[in-house]
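Trainee: Mind walking me through this one? I'd like to see how the helices pack and where one loop residue sits.

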Amino acid sequence: MSDNESHQDHFNFSEYLLIVLALVALTLAVNNLSSGFASPLVWGGLLVMVISFVIFFKLAKQEGKAHIINISVLKNTGFNQGLLIYTFLQFIQISLTFVIPNLAQLGLKTSALTSGMLLLLGSLLSAFFGPVMGRLLDSQGFKKLFLIGNFLAMAGILLYIIFAQKLSIALIVIFHVMFMTGFSMMYNNAMTIGLQQLEVMHIAGSPYQGQSKQVVMGSQAAFIVLFIFTLLIFACVLRLIKRDKQGLVKN
């Protein structure tokens, strides 16, 4: 083959189907968690997901074939830390867009319009801060941005937990703005830092309680889970800083 001729790899349909099967099985299991882990749809879905991913990773390790995902990048610790921060932040942000409107509408008895508007200010600020934080990353590095951003994100979620029983519209907006400010300081920058590490880049409440009380208790439980993810983000940030001090992080 001459240098001017292009090489076209075939689409790996089997790996694609395994990913789809794993995600569909996970979605099915999560959607039926209310039935308990004894439900065949829950444990069966989780089992299918695990088996699908195991087979996928075995296929993805085979050499001489085109793959959907180049899993060799997962051997890079710096990339993994950036990817984890990015993924955890996305999970928390998506969860908040579900929990907050439902908490406001069902727990605080606000209108559907008001419930949806609660996320507007934080989202607008995040969109505005995005390019600004990218410039700060270039000029100051990631350490201060990630530490301050993680503190704001943790504080925002922690305040939701503390004030879950006494939340008002104003408090919900303030805490969401805090989280989204921290989010904007880390989200895109985490993936930027992660990609820079690569040499080559290829493309619970009781049923006897009233509905409002159940919603508030359930939302508080959700915030606790999300706070755990902010702690995981913090661990990743500290790990990145430690590697940076060792001269192992490209910045």
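What follows is a short chat about two helix pairs and a loop residue in a predicted model.

Trainee: At what angle do the axes of α5 and α7 cross?

Mentor: Helix α5 covers residues 120-140 and helix α7 covers residues 169-196. Their crossing is right-handed. Their axes come within 8 Å, and the crossing angle is roughly 35 degrees.

Trainee: How many charged residues are in the contact of α5 with α7?

Mentor: On the α5 side you'll find Leu125, Phe129 and Met133 among others, and α7 brings residues including Val177, Met180 and Ser184. By class that contact has 11 nonpolar and nine polar residues, and the charged count is none.

Trainee: Now α6 and α7: which hand does the crossing have?

Mentor: Helix α6 spans residues 143-162, and its axis comes within 8 Å of the α7 axis. The two axes cross at roughly 145 degrees. As for the hand, α6 passes α7 in a crossing that is left-handed.

Trainee: How many nonpolar residues does the contact of α6 with α7 have?

Mentor: From α6 the contact includes Leu145, Ile148 and Leu152, and from α7 it includes Phe175, Phe179 and Met186. Seven residues there are polar and no residues are charged, while the nonpolar count is 17.

Trainee: Is Leu74 buried, partly exposed or exposed?

Mentor: Leu74 sits in the loop between α2 and α3. Beyond its sequence neighbours within four places, Leu74 is in contact with Phe57, Phe79, Asn80 and Leu83. Its relative accessible area is 38%, and buried would need under 20% while exposed would need over 50%, so Leu74 is partly exposed.

Technical notes: Residues are numbered from 1 along each chain as its sequence is written. This is a predicted model: local features need pLDDT of at least 70, side-chain atom pairs count only at pLDDT 80 or more; totals for chains, interfaces and linings use all residues. Side-chain values use heavy atoms; hydrogens and water are left out. Axes are lines fitted to C-alpha atoms, for helices over the stretch in contact, and angles run from 0 to 180 degrees between N-to-C directions. Helices (H or I, at least four residues) and strands (E, at least two) are DSSP runs, numbered from the N terminus. A crossing is left-handed if the near helix is turned anticlockwise from the far one by less than a right angle, and right-handed if clockwise. Contact means heavy atoms within 4.5 Å. Ala, Val, Leu, Ile, Met, Phe, Trp, Tyr, Cys and Pro count as nonpolar, Asp, Glu, Lys and Arg as charged, and the others, Gly among them, as polar. Buried means under 20% relative accessible area, exposed over 50%, partly exposed in between (1.4 Å probe, protein chains only).
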